Amino acid sequence: MRQSFASGVWAYRNTLLLLASFVAIFLLMRTEIAHTLLALIGGFGYASAVVIGFFFVSTFTVAPAAIVLFHLAEELNPILLALFAGVGAVMGDLILFRFLKDRVYEELAPLAGKLGGSHLSLLLKTPYFGWFAPVLGAIVIASPFPDELGISLMGLSKINTVQFMALTYVLNVVGILLIVLLAQV
């Protein structure tokens, strides 16, 4: 019994790793060390914008990253800041996209089949889902909200990696630009 439980849990190792990393990031972001580190990173100009952009995409790091970007906009050109931070955001989104699309979805597909059965399969195969999921995902990514839900929706669609990178770059630059322009007001 114990061995079958362990092998059953191991079948979802990537999903469990993803959840564990969210918990670890959440706990880490509550420490003073994390806030000090983000403030220190912010002192390197446009290079720091790339690093902060990387942190702009996660549920647990979006708030401190937005604050650092807001403060960087007081010293740096907001358009260049958004362009550089967009590069980091794409890197963060791409890691999440590849991890979700290649590992987590494969692990959860059999489970979804058992729980949702034919209703879920039919929903995912409708032509409406094919265009609605990426559109809704794009709206989420362009917003200042964390990107995980948007990436998940895009990962379920047929979008390829190059299209995903181009789209998330534009969407993240727009979202970051909105935040940094607020610093100018």
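This report describes the overall make-up of a predicted model and the packing of two of its helices.

**Chain as a whole**

The secondary structure of the chain consists of 9 helices and 0 strands. Read from the N terminus, the order of elements is accordingly α-α-α-α-α-α-α-α-α. The chain has 185 residues, and 38% of them count as buried. Carbon and sulfur atoms contribute 76% of an accessible surface of about 10800 Å². Among contacts in the chain with a separation of 6 or more, 75% are between residues 24 or more positions apart.

**Helices α5 and α9**

Helix α5 spans residues 62–72 and helix α9 spans residues 161–184; their axes come within 8 Å and cross at roughly 50°. This angle makes α5 oblique to α9, because it falls in none of the ranges for roughly parallel, roughly perpendicular or roughly antiparallel axes. In handedness, the crossing of the two helices is right-handed.

The residues that meet in this pairing are listed by helix below.

| Helix | Residue range | Residues in the α5–α9 contact |
|---|---|---|
| α5 | residues 62–72 | A66, L69, F70 |
| α9 | residues 161–184 | I176, I179, V180, L182, A183 |

On the α5 side, A66, L69 and F70 thus face a set in α9 that includes I176 and V180. Classified by residue type, the contact of α5 with α9 has 8 nonpolar residues, with no polar and no charged ones.

Key. Residues numbered from 1 in each chain as written. Predicted model: local features only at pLDDT ≥ 70, side-chain atom pairs only at ≥ 80, totals over all residues. Heavy atoms only, no water. Axes fitted to C-alpha atoms, helices over the stretch in contact; angles between N-to-C directions. Helix = DSSP H or I, 4+ residues; strand = E, 2+ residues; numbered from the N terminus. Parallel < 35°, antiparallel > 145°, perpendicular 65-115°, else oblique. Left-handed = near helix turned anticlockwise from the far one by under 90°. Contact = heavy atoms within 4.5 Å. Nonpolar A, V, L, I, M, F, W, Y, C, P; charged D, E, K, R; others polar. Buried < 20%, exposed > 50% of the residue type's maximum accessible area, 1.4 Å probe, protein only. Areas by Shrake-Rupley, 256 points an atom, 1.4 Å probe, with all protein chains shown as cover.
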